[in-house]
Amino acid sequence: MYHAQHLQTQQLQPPNQQHTSQQQQDQVRWKVKTEADSIGCVEVLATVCSIVLMVLTLPISLFLCFKVVQEYERAVIFRLGRLRSGGARGPGVFFVLPCIDNYCKVDLRTVSFDVPPQEVLTRDSVTVSVDAVVYYRIRDPLNAVVQVANYSHSTRLLAATTLRNVLGTRNLSELLTEREAISHSMQVTLDEATDPWGVQVERVEIKDVSLPDSLQRSMAAEAEAAREARAKVIAAEGEMKSSRALKEASDIMCESPAALQLRYLQTLSSIAGEKNSTIVFPLPIELIGPLMNFTSSLGVQRTTAPVRPMAPPAAPPSTTTSTSSPLGDPSQQQSFE
């Protein structure tokens with residue numbers, strides 16, 4: 001690869017600069033090779049000294065050289081400050097050299113933490129307090145140790161800021177009714193942000209949404225009014241259906257007098273079964289039908305009969321004596337004792 005890049009560079013550069021470029025590349029390559037050789041020599045010398053020390057202190061040094069990690073753990077080993085090749089060790093037993101190797105254990109199990117309540121201003125200018133819970137685990141132990149200083153603390157801070165940013169783009173109604181969608185959006189955002197750290201966010205759940213007291217009272221009044229309106233509508237619909245059913249039943253009973261009699265008998269049996277002191281016997285209309293026809297005919301005859309003039313009422317006897325008048329008739333003057 002180096003040879004191909006070198007040929008390409010020579011083709012792109014002018015002829016008068018090819019010789020200078022060649023000298024610079026040779027100097028840089030020699031310098032890097034010298035530094036690598038010096039680092040390798042120091043590492044080799046330290047390794048030899050560590051092995052000699054381990055041999056001299058046998059068997060005590062065996063307790064310091066062999067380490068054990070559990071099934072859910074991995075060990076990231078550094079030798080003289082550099083990450084050892086081969087990736088993370090474990091599970092099981094691994095070997096370290098005393099004085100030059102150190103290691104860091106990483107737990108691969110799922111970890112959960114609570115996001116503190118965050119004061120969030122929604123898109124429709126309503127202040128709410130929301131808290132959540134986040135579940136995450138380590139996907140790549142090497143990146144979790146090398147790429148970030150404290151992956152747990154960093155994930156917690158990022159979760160709090162992501163919660164505020166996501167909820168700030170939603171309305172209050174969406175916050176109350178679309179919790180699953182909001183949780184999924186937060187999970188995707190956190191997973192993308194923590195992927196370079198070797199952290200995988202598995203789940204995000206919104207625990208509680210705290211509303212102001214005034215807003216809670218107004219929402220409760222609105223919900224109660226809506227429930228009362230629905231109850232009135234349902235009651236009106238029930239009345240309409242019952243009236244239609246009664247109308248249909250009355251039409252059927254009018255067409256069949258026997259059905260009306262059976263209804264009378266059923267009502268009588270229900271009244272008698274309640275142990276009442278007074279029992280009302282319904283009288284069928286068929287029995288009083290002729291009587292009603294007779295009374296109606298009498299009324300017609302009375303209206304058609306001629307009207308006789310009435311005689312004037314007789315004058316009551318008077319106990320007083322009338323005085324004679326020069327203008328009166330003498331024959332009509334009478335006295336009574």
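Two strands count as paired when DSSP finds at least two bridges between them. Keep that in mind for strand 6 (residues 111-121) and strand 7 (residues 127-138). Those two pair in the antiparallel sense, over nine bridges. One pair to find in the picture: V115 stands opposite A132 in strand 7.

A word of caution before going on. This is a predicted model.

Now the overview. The protein has 337 residues, and buried ones make up 21% of them. It has ten helices and eight strands. About 24500 Å² of the protein is exposed, and carbon and sulfur atoms supply 60% of that area. On contacts, take those with a separation of 6 or more. Residues 24 or more positions apart account for 62% of them.

Back to the hairpin of strand 6 and strand 7. Five residues lie between the strands. What is the phi of S125? It is near 65 degrees, a positive value in a residue other than glycine. Most residues other than glycine have a negative phi. S125 sits in the loop between strand 6 and strand 7. Buried or exposed, this S125? Exposed, because its relative accessible area is 59% and the cut-off is over 50%.

Next, the open sheet. Three strands form it, in the order 3-2-5, and the pairing is antiparallel. Which strands stand at the edges? Strand 3 (82-83) and strand 5 do. Each has a single partner strand, so one side of each is left without a neighbour in the sheet. Strand 2 covers residues 73-79 and pairs with strand 5 over seven bridges, in the antiparallel sense. To find the pairing on screen, look for V76. It stands opposite C104 in strand 5.

Stay in strand 2 for a moment. A75 lies there. How buried is A75? Its relative accessible area is 0%, so A75 counts as buried. Leaving out residues up to four places away in sequence, A75 touches V69, A88, R89, F94, Y103 and C104. There is also a pair worth marking: A75 and K105. They are 30 residues apart in sequence, yet 4.6 Å apart in space, C-alpha to C-alpha.

Over to strand 5, residues 101-107. D101 lies in this strand. D101 has a relative accessible area of 12%. Buried means under 20%, so D101 is buried. What does its side chain meet? A polar contact of 2.7 Å joins the side chains of D101 and R79. A polar atom of the D101 side chain also lies 3.0 Å from the backbone nitrogen of L97. Beyond four places in sequence, D101 touches I77, F78, R79, R84 and V96.

Just before that strand comes C99. It is found in the loop between strand 4 and strand 5. C99 has a positive phi of about 75 degrees, although it is not a glycine. C99 counts as exposed, because its relative accessibility is 71%.

That brings up the cysteines. How many disulfides does the structure hold? Zero. For C99, the nearest cysteine sulfur is that of C65, 9.2 Å away. A disulfide needs the two sulfur atoms within 2.5 Å, so C99 is in no disulfide. C41 is another cysteine to look at. At 53% relative accessibility, C41 counts as exposed.

Two peptide bonds deserve a stop. Most peptide bonds are trans. The bond from L58 to P59 is cis, with omega near 0 degrees. P59 lies in the loop between helix 2 (15-56) and helix 3 (62-65). The bond from G90 to P91 is cis as well, again with omega near 0 degrees. P91 is found in the loop between strand 3 and strand 4 (92-95).

Last item, from a record. In an unreviewed entry, UniProt places the feature "transmembrane region" at residues 44-69. What does the model show over residues 44-69? The chain there is 65% helix and 15% strand. The end C-alpha atoms of that stretch are 27 Å apart.

To close, three places to revisit on screen. Start with A75, buried at 0%. Then go to D101 and its 2.7 Å polar contact with R79. Finish at S125, in the loop between strand 6 and strand 7.

Key
Residues numbered from 1 in each chain as written. Predicted model: local features only at pLDDT ≥ 70, side-chain atom pairs only at ≥ 80, totals over all residues. Heavy atoms only, no water. Helix = DSSP H or I, 4+ residues; strand = E, 2+ residues; numbered from the N terminus. Buried < 20%, exposed > 50% of the residue type's maximum accessible area, 1.4 Å probe, protein only. Polar contact = N/O pair within 3.5 Å; in protein donor to acceptor, adjacent residues only side chain to side chain. Contact = heavy atoms within 4.5 Å. UniProt positions renumbered as here; feature names shortened; annotations may be inferred. Areas by Shrake-Rupley, 256 points an atom, 1.4 Å probe, with all protein chains shown as cover.
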